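Please load the model in the viewer and keep the selection panel at hand. The stops below are meant to be followed in sequence.

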Amino acid sequence: MKIQSFRGFRDILPDEVALWHTVEAETRELFGLYGYSEIRTPVLEKVELFSRSVGEDTDIVQKEMYVIENKREGNMALRPEGTAAVVRAYNEHNLAASRPVPEKLYYILPMFRHERPQAGRFRQFHQLGAEALGIDSPAIDAEMIAMVANLLKKFNVSNIEIQLNSVGCKACRPAYREKLKAYLAASYNDLCQDCQNRFERNPMRILDCKQEGCQRIVAAAPVMIDHYCQDCHIHFSELQEYLGIWGIEFRMNPRMVRGLDYYVRTAFEFVSSSLGAQSAILGGGRYDGLSEDIGGPHVPGVGFAMGIERLISLLQVELPPKPIDVFIAILGAAARKPAIALQRDLRQAGIRTELEYQEKSLKSQMKKAGKLGVTYTILLGEDELEKGIAVVRDMVESSQQEVAIPQLVETLLHRVRG
Ligand code: HAM
């Protein structure tokens, strides 16, 4: 049996990797401008880290986590998201004591969720995300939304709608939940099976169910926006004012409830109609109680994460891989060692140089040089070595010139780098 990769786990092949490098480099540059530093957390974390923060009743924890049994130290989960791990690390290393507040951290890391693979949905995917820890001012929420909007602008991604909501807090949510349940109870039998399951434990999730029947029912449901406590109300209006200063346009979506339980107040998603069914390119929000949920002190926080595969699928550009500059064609066995020495010297000078590792005819070596897309090929044979020269062939102009071997590096440096 031919061994292949698992479903939903994809290879990123060399032609595509150039684009990933660009995405990562632009992200690092822009996030640095906004004062963010990179953090890298382990792939494996304790299962409880996610069940206590993302939520015991969420799809991620119930159905999608890859769990490795570990009797001694507790079961291990392949990280399904980054936020809980970043907050854990922040507390574990007591970063609050040594670094300025807010602590601004970003990550570019693989995540794992056992979901049904489809376009834009994988089992191993990558997120670039950021978390700002330590303050609860909506100014930081607005700055973060502006930062991501600027990142997408940098990539010329257009047709993005920013959807905004506030999901309330521990003070005002319980009363609203009861009101919502009372409304939904009348149509309980018409809800889909998933939503019937959500009814008791997480009725707010019913609001953003994608099933048509459920959508019809929730269209007239009470919304959180009419039930905020005073603090949530102020937080949300200030957020909108700050977004105005940043020049960010958004659409209020009072039915947007994110699929993770840790959110309070601010919730946002950036959606693109070009992405098909999986239309969210990124999602985020505020999670002021998460740190306490995982046994830490009170640390308010706000963050977001973007699916890099989804971002890349929206990018129009195709970047050529960095080409090889020079190919050395070896004519006869005696030329191999001098050719390798020449390759060493050319590379030392920063010239990307390849040669043929096996005994091949000149014709086949020239074909390889063509495939590599080099501009110059050096022909090195016994005759040339005897004369102390090599032939430098310009592959674009189809011209060639003899060059003394000691002058080769300088000549090619001049030609390749101008
Ligand atoms: P999330 O909405 O679960 O949020 O995921 C964020 C983004 O990751 C999605 O919008 C999507 O682009 C991408 N994504 C999620 N699942 C998949 C998948 N199976 N395949 C491909 N891409 C996927 C979070 O993860 C939160 N930690 C975001 C956050 C950070 N909130 C506060 N801070």
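Begin with Asp141 and Arg286, which form a salt bridge whose closest N and O atoms are 2.7 Å apart. The pair joins distant parts of the chain, with Asp141 in helix α6 (residues 138–154) and Arg286 in strand β10 (residues 280–286), 145 residues apart. The structure shown is a predicted model. Are these two side chains buried or exposed? Asp141 has a relative accessible area of 0% and is therefore buried. Arg286 is likewise buried, with a relative accessible area of 0%.

**Along helix α6 to helix α1**

Keep α6 displayed and add helix α1 (residues 14–33). The two axes come within 10 Å and cross at roughly 145°. The crossing of α1 past α6 is right-handed. To display the contact, select Glu26, Thr27, Glu29, Leu30 and Phe31 on α1, together with Met147, Asn150, Leu151 and Lys154 on α6. By residue class, this contact comprises 4 nonpolar, 2 polar and 3 charged residues. Now reduce the selection to Glu26, Glu29 and Lys154, which are joined into one network by salt bridges that share partners.

**Pro102 and its surroundings**

Select Pro102 next, in the loop between α5 (95–98) and β5 (103–112). Which residues does Pro102 touch, leaving aside those up to four places away in sequence? They are Leu133, Ile135 and Ile140. Pro102 itself is partly exposed, its relative accessible area being 23%. For a sense of scale, draw a distance from Pro102 to Lys71: the C-alpha atoms lie 37 Å apart in space, while the two residues are 31 apart in sequence.

**A salt bridge within one helix**

Move to helix α4 (residues 83–92) and select Arg88 and Glu92, which both lie in this helix, 4 residues apart, or about one turn. Their side chains form a salt bridge, with 2.7 Å between the closest N and O atoms. The two partners fall into separate accessibility classes: Arg88 counts as buried at 18% relative accessibility, whereas Glu92 is exposed at 56%. In general, side chains of opposite charge can pair when their charged atoms come close.

**Helices α7 and α8**

Continue with helix α7 (residues 173–185) and helix α8 (residues 193–201). They pack at an angle of about 145°, and their axes are 10 Å apart. The crossing here is left-handed. Select Arg177, Lys181, Leu184 and Ala185 on α7, and Phe199, Glu200 and Arg201 on α8, to show the residues that make the contact. Of these, 3 are nonpolar and 4 are charged, with no polar residue.

**The five-stranded sheet**

Now display the open sheet of 5 strands, whose order is β13-β12-β14-β15-β16 and whose pairing is mixed. The edge positions belong to β13 and β16 (399–404); each has a single partner strand, so one side of each has no neighbour in the sheet. On average, neighbouring strands are turned by 25° against each other, direction ignored.

Zoom in on strand β12 (residues 326–331) and strand β14 (residues 376–381), which run parallel and are joined by 6 bridges. One position to label is Ala329, whose bridge partner in β14 is Leu379.

Then add the helices that lie across this sheet. Helix α13 lies across β12, β13 and β14, and runs at about 165° to β13. Helix α14 lies across β12, β13, β14 and β15 (389–394), and runs at about 175° to β12.

**From helix α13 to a loop**

For the last pair, select Arg336 and Glu359, whose side chains meet in a salt bridge at 3.7 Å, N to O. Arg336 belongs to helix α13 (residues 336–348) and Glu359 to the loop between β13 (353–355) and α14 (362–372), so the salt bridge ties together parts that are 23 residues apart in sequence. Arg336 is buried, with a relative accessible area of 18%, while Glu359 is exposed, with 58%.

To close, return to the full view. How many salt bridges does a search of the whole structure find? The search finds 26, among them the pairs Asp141 with Arg286, Arg88 with Glu92 and Arg336 with Glu359.

Conventions:
Residues are numbered from 1 along each chain as its sequence is written. This is a predicted model: local features need pLDDT of at least 70, side-chain atom pairs count only at pLDDT 80 or more; totals for chains, interfaces and linings use all residues. Side-chain values use heavy atoms; hydrogens and water are left out. Axes are lines fitted to C-alpha atoms, for helices over the stretch in contact, and angles run from 0 to 180 degrees between N-to-C directions. Helices (H or I, at least four residues) and strands (E, at least two) are DSSP runs, numbered from the N terminus. A crossing is left-handed if the near helix is turned anticlockwise from the far one by less than a right angle, and right-handed if clockwise. Contact means heavy atoms within 4.5 Å. Ala, Val, Leu, Ile, Met, Phe, Trp, Tyr, Cys and Pro count as nonpolar, Asp, Glu, Lys and Arg as charged, and the others, Gly among them, as polar. A salt bridge is a side-chain nitrogen of Lys or Arg within 4 Å of a carboxyl oxygen of Asp or Glu. Buried means under 20% relative accessible area, exposed over 50%, partly exposed in between (1.4 Å probe, protein chains only). Two strands pair if DSSP finds at least two bridges between them.
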